[in-house]
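Let's take a walk through this fold, starting with one helix and working out from there. Keep the viewer open as you read.

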Amino acid sequence: MNQERVFQVLLGPHMTEKAAYAAERNQYVFKVASDATKPEIKKAVEALFEKKVDSVQVLNMKGKVKRNARGEGHRSGYRKAYVTLAAGETLEDFTGAE
């Protein structure tokens, strides 16, 4: 996988309270491209962070319906991936200040 595709697959970290709890269990959450596959996500994380990936779970988040003065509008949806690293591997950037 070339370096350009790595940055197209991984759009960035997804930091929420739920993601912080997942990080304690060695799972890290990323926003990914809508056309990214599990093997591509695995290769991208391994290439970018140089860590061994154990498994990848992907889910599509639907955009919320919001009301405004002109009626209803839709937020855009996105795709996110839960990446589980191998035992003993951690990403220091995601642990935060403790």
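Start with helix α2, residues 17-24, where Ala19, Ala22 and Ala23 are buried. Keep in mind that this is a predicted model. Look down the axis of α2 and the buried residues fall within an arc of 105°, so they line one face of the helix. That fits the general rule: an α-helix has 3.6 residues a turn, so residues three or four places apart point the same way. What do the buried residues of α2 pack against? Their partners are β2 and β6. Now flip to the face turned away from that buried side, and you'll find the exposed residues Glu17, Lys18 and Glu24. Just after α2 comes Asn26, with a positive phi of about 65°.

From here, head for the interior. The largest nonpolar core has 18 residues, and those with the most contacts inside it are Leu10, Phe30, Val32, Ile41, Val45 and Val83. Which elements feed this core with at least two residues each? They are α1 (3-9), β2 (27-32), α3 (38-49), β3 (53-61) and β6 (78-85). Val45 is a handy place to park the view: leaving aside residues up to four places away in sequence, Val45 touches Leu10, Phe30, Glu50, Val53 and Val83.

Time for the charged pairs. How many salt bridges does the structure hold? There are 4. One of them joins Arg5 to Asp35, with the closest N and O atoms 3.8 Å apart. Arg5 sits in helix α1 and Asp35 in the loop between β2 and α3, so this pair ties together parts that are 30 residues apart in sequence. Is Arg5 buried or exposed? Its relative accessibility is 17%, and the cut-off for buried is under 20%, so Arg5 counts as buried.

Next, Lys51 forms a salt bridge with Glu89, the closest N and O atoms being 4.0 Å apart. This pair also links distant parts of the chain: Lys51 is in the loop between α3 and β3, while Glu89 is in the loop between β6 and α4 (92-95), 38 residues apart. Glu89 has 23% relative accessibility, so it counts as partly exposed.

Then there's Glu72, which forms a salt bridge with Arg67 at 3.8 Å between the closest N and O atoms. Both Glu72 and Arg67 are exposed. Finally, salt bridges that share partners bring Arg5, Asp35 and Glu40 together in one network.

Terms used:
Residues numbered from 1 in each chain as written. Predicted model: local features only at pLDDT ≥ 70, side-chain atom pairs only at ≥ 80, totals over all residues. Heavy atoms only, no water. Core = buried A, V, L, I, M, F, W, Y, C linked by side-chain atoms within 4.5 Å. Buried < 20%, exposed > 50% of the residue type's maximum accessible area, 1.4 Å probe, protein only. Helix = DSSP H or I, 4+ residues; strand = E, 2+ residues; numbered from the N terminus. Contact = heavy atoms within 4.5 Å. Salt bridge = Lys/Arg side-chain N within 4 Å of Asp/Glu carboxyl O. Arc of directions from axis to C-beta.
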